[in-house]
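Here is a friendly look at the pockets of a protein model. Have the sequence and the structure at hand as you read.

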Amino acid sequence: MATPALDLGVPVAEYGTGLQVTRVHRAPDAGLGGTGDFLWWHGPGPLRVGSLRVPARSAALVPDLGPVATAALLATGTPYGDGLLHRAAGSASAAAWLRDPRPQAGRLVAHSLAAAARALRALHGVPLPPGPQPPPPPGVRRLREWAAGTGPLAPSAARLRRRAREVWGGDRTERLLGWADDAVRPSGPGAPVVPLHGWASTGSLVPPRSRGRVALLTGEDLGAGRRELDLGWMLGDLVELAWSSPLHRAAESAGLLSVTDLQRVFLGAYEADGSDTHGSEGGGRERGDHGPAGPVYDPVAVGRCAVLRVVTHMRDFATYCEWSDELLDYLAFTAELIDEEGRRAVPRGVS
């Protein structure tokens with residue numbers, strides 16, 4: 001793996017898997033709590049072939065949300081070495097803040113999720129130009145190849161697939177593949193194909209350290225499909241957190257924001273009227289797909305896409321890390337999610 005040659009400033013953090021390496025630096029030109037004091041570099045992990053690059057057709061569709069103070073900045077990466085470089089006002093992701101038991105950490109994540117929802121709403125409102133559409137996000141492709149057994153698999157991923165067939169049975173696998181197909185194609189006039197972030201998650205969401213804007217790191221996973229895929233991807237992250245984290249299983253009794261609270265904040269901000277994303281009232285919306293303040297998504301499809309997110313994470317762990325018997329717990333958990341069609345991702349009372 002090639003390393004960037006230029007000085008990125010003082011290292012703050014480094015972590016990664018066989019798929020992707022992340023390095024965070026305090027920028028050499030950093031001020032005091034400015035909007036871009038930290039540089040996030042994403043590069044290929046040792047098991048990934050090729051450099052990380054932003055798909056050109058998709059990058060041209062990413063809106064500049066600088067004037068929209070309530071939305072997260074879609075921090076599209078620029079090529080740097082064999083990876084992508086992003087600027088952000090924070091040095092830790094929302095996923096890291098979610099491990100912090102202090103109530104103010106939960107409030108910071110809730111604020112960031114609302115800002116991310118508004119940014120995604122703006123991105124989804126950008127019309128696709130005529131001609132060939134951007135491909136689906138690569139995470140969906142990885143999931144399909146693994147579940148269908150149509151591509152080469154790492155030994156641990158192949159072992160996971162064999163066990164999945166035993167635990168899930170063929171019917172659950174076929175349902176999952178059908179949901180993956182539905183997530184990247186239109187299902188009628190109310191569910192158009194739109195530009196997608198492709199990996200909207202708490203790991204790509206960066207709250208500001210002190211002052212500055214929330215950033216949603218954006219780049220190699222850009223693609224096109226139904227908006228529910230981006231929504232389900234973020235909510236699937238939260239569903240997995242509620243299942244796996246002792247802190248968040250006991251959140252309400254500890255006086256913390258629960259995962260359900262965070263889900264409501266995210267979906268409520270996506271639905272809300274009054275976010276002027278294009279300099280005029282109601283910007284970023286497609287005509288005729290909703291009421292004045294109504295939802296623009298199918299909650300059933302959102303739940304199914306949340307399941308896709310959890311299964312993709314499980315598949316990627318088996319592929320780019322090592323086998324762990326914890327994956328057997330994931331298989332049982334994902335079987336439950338498939339049976340309920342991910343309904344726990346969309347709390348009652350929203351959409």
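Which element gives the most to the lining of the second largest pocket? That element is α4, with 5 residues. Please keep in mind that the model is predicted.

**The second largest pocket**

Let us stay here for a moment. This pocket has a lining of 20 residues, and those nearest its centre are L47, R141, R142, R315 and Y320. At least two lining residues come from α4 (138–148), and at least two from α9 as well.

**The largest pocket**

Now turn to the largest pocket, where 44 residues form the lining. If you would like to find its centre, look for A95, W199, G203, R309 and H313, which lie nearest to that point. Several elements supply two or more residues each to this lining: the strands β1 (10–16), β2 (20–26) and β9 (215–218), together with the helices α2 (94–97), α6 (227–244), α7 (246–249), α9 (299–320) and α10 (326–340). Among these, α9 makes the greatest contribution, with 6 residues.

**Volumes and lining classes**

The table sets out both pockets.

| Pocket | Volume | Nonpolar | Polar | Charged |
|---|---|---|---|---|
| Largest pocket | about 1400 Å³ | 16 residues | 18 residues | 10 residues |
| Second largest pocket | about 420 Å³ | 9 residues | 4 residues | 7 residues |

To sum up the helices, α9 leads in the lining of the largest pocket, while α4 leads in that of the second largest pocket.

Methods. Residues are numbered from 1 along each chain as its sequence is written. This is a predicted model: local features need pLDDT of at least 70, side-chain atom pairs count only at pLDDT 80 or more; totals for chains, interfaces and linings use all residues. Side-chain values use heavy atoms; hydrogens and water are left out. On a 1 Å grid over the protein atoms alone, a cavity is a set of points where a 1.4 Å probe fits but cannot get out, and a pocket is an open set with protein on both sides within 12 Å along at least five of seven lines; lining residues have an atom within 4 Å of a point. Grid points are joined across faces, edges and corners, and a volume is the space filled by probe spheres set on the points. Helices (H or I, at least four residues) and strands (E, at least two) are DSSP runs, numbered from the N terminus. Ala, Val, Leu, Ile, Met, Phe, Trp, Tyr, Cys and Pro count as nonpolar, Asp, Glu, Lys and Arg as charged, and the others, Gly among them, as polar.
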